[in-house]
Amino acid sequence: MAEVATADVAHDDHHHEHEESFWSKYVFSTDHKIIGFQYMFTGIAMALIGGYFAYVFRMQLAFPGSSVPFFGLVSPAAYNSLVTNHGTIMIFWVAMPVLIAAMGNFLIPLMIGCDDMVFPRVNRLSYQIFLLSAIVLIASFFVPGGGFGGAWTAYPPLSAMAKYNATPFGAPMWLIAVTLEIVAFLLGGINFITTVMNARAKGMRMYDIPIVIWMIVIASMLFMASVGPLVAGAVMLLFDQTLGTTFFDASAGGDPVLWQHLFWFFGHPEVYVVLLPAMGIVAEVMCTFARKKLFAYKMILYATIGLGILSFFVWAHHQFISGVDPRAAYLFTTTTLLISIPVAIMLFAYIATLYGGSIQFTTAMLFALSFLAEFLIGGVTGIWLGSSGVDIYLHDTYFVLAHFHYTFFPIAIIGTYTAIYYWFPKMFGRKMNETWGKIHFWGTIISFNCIFIPLFVLGAAGQHRRIYNYQHFPDLAGADMQDMRVFATISLVVMLLFQIPFIINFIVSLKYGEKADKNPWKANTLEWVAPSPPPHGNFPDGFPEVYRGPYEFAHPDREDDYWPQNEPGNQKPKT
Amino acid sequence: MRYAEASYSGEGALKRQPPIANSVLGMILFIMTELMFFAALVSAFLIIKSSVEAWPPEGQPRLPVFVTAINSVFLLSSAVTLFLANRSFRQDAYGDPTLKLLKATLYLGILFVAIQGFEWARLISYGLTMTSSQYGAFFYLIIGTHALHAIGAIIGLVWLYRLMKERRLKQQTFSAGQIFWYFVVGLWPILYVLVYLT
Amino acid sequence: MKLLRLFRLFPFLLLLALAKPALACSVCAVASEEARYAYYFTTGLLTFLPLFMIGGIVYYVAKKYR
């Protein structure tokens, strides 16, 4: 090793010449790349489960009372449980692990030019706790009473009393699983922030850090600052469920709205916690495939920080009709509308990045572009929901559901695919097939829109959420509305089928994909300096030194249209 | 805003130590999360307390304010001994005074937890439990969470003591452990005033 | 004098006087003074505490870097 970066100071008892067994190399590894993969594959597996649940309950909605293939008859309790766990899994066990834990773990040391995280054993522990949390959640489906069915928001008294929720084991297990998952991410967050602050390559100043790393760091800080109240509420709810305390029982001096506040105080920053890494990933991909510098890097960074600060002030927009003081509703409406401004700034900056660029429509780029379009729809519909007046009508309807799927789907699914298609060569040393990628892309995006646009219409027509059979409601049982439900369900099945090309592409490319060199996309950031795939220690030829920012494309002083961060040369003064 | 020169010292040589050591920065971030957790518990407590007519409610045993005040003095003194231990560590890392001060901190902490536990046993026997009233529920929740953190801090100190005896305790590790101890100690007066005195 | 145009809004703004707030919040409007105060205080506490903590840490780190 030619040079020693600061991360090495942290684990100076690390040996490079030890014999590694299968277990120490792949299961109990402290290597950030392996841990990243562990998170990624667990997240993808959980996504399959969450997607399966969505298939089952949508089939129930489209063909109520019929037996669902590969499941059976869906009882009301089963429906509630499916809906609850679909939401819980997708947020906590898919979006967060893949976008933050997997991408963060894999990319951070590579992109900042060091050999591993500063707390590698804490990193391993965080995955182990995460895996335990996933096991607890899945186990909750098989206990008497089944999995928890009180919605992912778990409002008491439904969630607190077994006499209401009929899942005396499932409910506490759900809570324990969520709490464990939170602890895992806290440990991860500590690792990410400390590594980025302390272990950067020589010469990498604050504004040379790739935007995706900043986004993951800011997301981690948001997460850590906002999750305390949820853990407090979860502990109180767990005691209500198991010990018979009455924290949320109004008849005994408690307050159910207290849970709502504690939950949403975390719940709102949480959506930005998942949004920021996805936006960062999209920014990286767009710069590389537009061959253009990120427009207004600093403005994006400051907008993100403003977004983070504002996100602590908007939580009660989830509670407009729960009985909170309407004067407070004025405040929260205002802040909610304000918070759309930083996001809009960021989206406009991305569009400005594309303007005048030389765009290459690779699969990763197609997904990144679709992120912009779909997220825009989600964001705009959020403005309607953020106004307390309109929200009185739209709260708890499918309009809300369509809104948050138009934001969450780009974040969790499109963001994941963008990242995988882009960094697959670095992760595994081979490229994924572009043709199948494009088939996957178009199939996914078109069917996604076909699922959720009908749901906007249904929601505006008054269809409430969390009802297992709309035939029981005369106003909602009309043939035209039911047709839309069937259409949405069929589109879902089509979308799920279109994920098969992706899975096959992924697995086959692992072994037979076109071999990728270090920098197949001709990008500038430091992860493309390491070999594909990077070995243990990441940079066998010594740690890189950084001389400029991460997005120097099409620089007038260069013949090539890109200028890697670690290549010395004319150091132009930064403007 | 000046750029942060992450890896260069004034003379341009490669700086090996970051301005805030890894363990210290990590611990600060952890404390931040814990502080939010306690703030939420305290918030829930204040809200429920203000919605109930009588506080403390009828028929519930009163909390041992005086004994706990003495106990608090023990805990606060443990922070002082730890601070002195750090000063001693900087001068003579593995010397006798350092070890003694660290042991004193440990004993004071264990004494605090033990007396608390004893008082709890008494309260339970008098009928104050988690389910007897909101008063009891919040008392055990908040003070119990603090006690768990105190026990965690004690375990951490034991581990630091072992490292010190084996002469391989790094300053940053010691600082990180101290920060957690000061957090547990510093939080206690706030909880004492809110839970015991009002 | 574009500002004067704003005064055209004034009659419409008077209509706001007709609106009465619907004081449905059982804690904020109906219950005791103490409860309302507790809600506002704890809302402020939980909102500003993370901002000050993060701000403080960022300030401390930035100072150490200089």
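A residue is called buried here if 20 or more other C-beta atoms lie within 10 Å of its own, and exposed if 12 or fewer do. With that in hand, welcome to a set of close-ups of a predicted model.

**Chain C, an arrangement of four helices and zero strands.** Read from the N terminus, the elements of this chain run α-α-α-α. Chain C has 66 residues, and 17% of them count as buried.

**Chain B, built from five helices and zero strands.** The pattern along the sequence is α-α-α-α-α. Along the principal axes, the C-alpha atoms of chain B fill a box of roughly 70 × 45 × 20 Å. Of its 198 residues, 40% count as buried. Looking at contacts in chain B with a separation of 6 or more, 78% are between residues 24 or more positions apart.

**Helix 2 of chain B, residues 65–91.** This helix has 27 residues, and the distance from its first C-alpha to its last is 40 Å, close to the 39 Å expected at 1.5 Å a residue. Follow the buried positions along it: Thr68(B), Asn71(B), Leu75(B), Ser78(B), Leu82(B), Ala85(B) and Phe89(B). And what covers these buried residues? The cover includes helix 3 (96–126) and helix 5 (171–197) of chain B.

**Where chain A meets chain B, with 38 residues from chain A and 30 residues from chain B.** On the chain A side, the elements that give two or more residues are helix 1 (6–10), helix 7 (170–198), helix 8 (211–242) and helix 9 (256–290). Helix 8 of chain A gives the most to this side, with nine residues. By residue type, the chain A side divides into 24 nonpolar, 10 polar and four charged. A word of care goes with part of chain A: although its mean pLDDT is 91 and 96% of its residues reach 70 or more, the pLDDT is below 50 over residues 1–16. That stretch nevertheless has 27 contacts in the model beyond near neighbours in sequence.

**Helix 9 of chain A and the residue that follows it.** The helix has 35 residues, which at 1.5 Å a residue should span 51 Å; its end C-alpha atoms are 51 Å apart, so the two values agree. Look for a bend of about 25 degrees at Trp264(A). Helix 9 is largely enclosed by the rest of the structure, because 32 of its 35 residues are buried. Just after the helix comes Arg291(A), with a positive phi of about 55 degrees, in the loop between helix 9 and helix 10 (297–310) of chain A. Is Arg291(A) buried or partly exposed? Arg291(A) has 16 C-beta neighbours inside 10 Å, so it counts as partly exposed.

**Val178(A) in helix 7 of chain A.** Val178(A) counts as buried because 23 other C-beta atoms lie within 10 Å. Leaving aside residues up to four places away in sequence, Val178(A) touches Thr88(A), Phe92(A) and Ala234(A). Ile89(A) makes a nice reference point: the two residues are 89 residues apart in sequence and 9.6 Å apart in space, C-alpha to C-alpha.

**The largest nonpolar core, a set of 247 residues.** Which members touch the most other members? They are Ala95(A), Ile112(A), Ile213(A), Val282(A), Ala412(A) and Ala44(B). Helix 4 (residues 76–112) of chain A supplies the largest share of this core, 24 residues. For a closer look, pick Ile213(A): its contacts, not counting residues up to four places away in sequence, are with Ile108(A), Met111(A), Ile112(A) and Val196(A).

**Backbone details in chain A, with Pro157(A) between helix 5 and helix 6.** Most residues other than glycine have a negative phi, and most peptide bonds are trans. Pro156(A) and Pro157(A) are joined by a cis peptide bond, with omega about 0 degrees. Pro157(A) sits in the loop between helix 5 (120–139) and helix 6 (162–165). A cis bond also joins Ser532(A) and Pro533(A), with omega about -5 degrees; Pro533(A) belongs to the segment after helix 16 (479–512). Asn538(A) lies in the segment after helix 16 too. Although not a glycine, Asn538(A) has a positive phi of about 70 degrees. Asn538(A) is buried, since 24 other C-beta atoms lie within 10 Å.

Key. Residues numbered from 1 in each chain as written. Chains lettered and ligands numbered in written order. Predicted model: local features only at pLDDT ≥ 70, side-chain atom pairs only at ≥ 80, totals over all residues. Contact = placed C-beta atoms within 7 Å. Nonpolar A, V, L, I, M, F, W, Y, C, P; charged D, E, K, R; others polar. Expected span 1.5 Å × (residues − 1). Bend = angle between axes of the 7 residues up to and from the residue. Core = buried A, V, L, I, M, F, W, Y, C linked by C-beta atoms within 7 Å. pLDDT = per-residue confidence, 0-100.
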